[in-house]
Amino acid sequence: MIDSDKNLDKRVRRTKLQLKQAFIKLMEEKNYDQITVTDIVNRADYNRATFYRHYNFKEELAEEMITDKTTALVETFKYPYKNNNMIHLNSLSSSDIIVFDHIMENKDFYKLWRKFQSIPGFEESFLQSIVKFIKKDITLLTPHDPHLDNNLYTTFYANGILGLILDWIKNGLEPHPDYMAKQLVKIINYYPAKSYISAKGNSPTTLLQ
């Protein structure tokens, strides 16, 4: 029974993946509002019954795909401290920054960013998910300053990085990801303040003195 369930899960994942891939290919050719369920199933070589077994309408497929991409992108932000609870920003290297490589590996999706903007709420939902992660799951530790609003500082930090990434996406993923990773490390460390980045729950008070 367990093996049967696993095989079913694999088939479901494979079917959904193929429907999403078909949707992306169609987005290369048409505007979002011109794409129909029939277009999607014909491109994926399925029938409408298969589509409706998984989704009620194309908007549901698009929403799930965007959620998948957002979740995967969030994981790239976690990479620098996956083996450490806390890292000093000065110790970051370009090899710790994998977000640009990840986006390049998924360029079929990201190169259609401008087209996906025609999906109601797409960009706002996508970006807010990233900002929410940074503000919820990461603590930026700076030298103690009673006049600094840490929530505003984190918002500034999150939106600054996202703005850089979004501009890169809209410019056709140029320059090369390696260059972007190196530049982001330089930008992060350009200001004189000593700063740390830490996973939630790991905020040694000695660092804030």
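Okay, let's start at one residue: Leu61 sits in helix H4, which covers residues 58-78. Helices here are DSSP runs of H or I with at least four residues, strands are runs of E with at least two, and both are numbered from the N terminus. Is Leu61 buried or exposed? Leu61 is buried, because its relative accessible area is 0%. The cut-offs are these: buried is under 20% relative accessible area, exposed is over 50%, and partly exposed is in between, with a 1.4 Å probe and protein chains only.

Before I go on, a word on what you're looking at. This is a predicted model, where local features need pLDDT of at least 70 and side-chain atom pairs count only at pLDDT 80 or more, while totals for chains, interfaces and linings use all residues. Residues are numbered from 1 along each chain as its sequence is written, and side-chain values use heavy atoms, with hydrogens and water left out.

Back to Leu61. Which residues does Leu61 contact, leaving aside neighbours within four places in sequence? They are Leu19, Lys20, Phe23, Phe51 and Tyr55, where a contact means heavy atoms within 4.5 Å. Take Phe23 from that list: Phe23 and Leu61 are 38 residues apart along the chain, and their C-alpha atoms are separated by 8.7 Å.

Now look at Ile40, in helix H2. Ile40 counts as buried because its relative accessibility is 0%. Leaving aside neighbours within four places in sequence, Ile40 is in contact with Leu19, Ala22, Phe23, Leu26, Ile35, Phe51 and Lys58. For Lys58, the C-alpha separation from Ile40 is 8.6 Å, with the two positions 18 residues apart along the chain counted as the step from one to the other. Helix H2 runs over residues 37-44, and its buried residues are Val37, Asp39, Ile40, Val41 and Ala44. If you want a picture for that, an α-helix has 3.6 residues a turn, so residues three or four places apart point the same way.

Follow the chain out of H2 and you meet Asp45, in the loop between H2 and helix H3 (48-54). What is the phi of Asp45? It is near 65°, a positive value in a residue other than glycine. Asp45 counts as exposed, because its relative accessibility is 68%.

There is another positive phi to find at Leu173, also near 65°. Leu173 lies in the loop between H9 and H10, and Leu173 counts as buried because its relative accessibility is 1%. While you're in that loop, check Pro175, which lies there too, between H9 and helix H10 (177-188). The peptide bond from Glu174 to Pro175 is cis, with omega near 0°.

One more stop before zooming out: Thr15, in helix H1, residues 2-29. Thr15 counts as buried because its relative accessibility is 11%. Beyond four places in sequence, Thr15 contacts Tyr46, Thr50 and His54.

So, the whole chain. How many helices and strands are there? There are ten helices and three strands. From the N terminus, the order is α-α-α-α-β-α-α-α-α-β-α-α-β. The chain has 209 residues, and 39% of them count as buried. Among contacts between residues at least 6 apart in sequence, 71% join residues at least 24 apart.

Next, the core. A nonpolar core is a set of buried Ala, Val, Leu, Ile, Met, Phe, Trp, Tyr and Cys residues joined through side-chain atoms within 4.5 Å. The largest one has 56 residues, and Phe23, Phe77, Phe100, Ile103, Phe116 and Phe126 touch the most other members. H9 gives the most to this core, with eight residues. Phe77 touches Val99, Ile130, Phe133, Ile134, Ile161, Leu162 and Ile165, not counting residues up to four places away in sequence. In general, nonpolar side chains tend to be buried together in soluble globular proteins.

Last thing: empty space. A cavity is a set of points on a 1 Å grid over the protein atoms alone where a 1.4 Å probe fits but cannot get out, and lining residues have an atom within 4 Å of a point. The structure holds two cavities of 30 Å³ or more. The second largest has a volume of about 40 Å³. Its lining is Leu73, Tyr110, Trp113, Phe126, Leu127, Leu162, Ile165, Leu166 and Ile169. H9 gives the most to that lining, with four residues.

Technical notes:
1 Å grid on protein atoms, 1.4 Å probe; cavity = no way out; pocket = protein on both sides within 12 Å on 5 of 7 lines; lining within 4 Å. Points joined across faces, edges and corners; volume = space filled by probe spheres on them.
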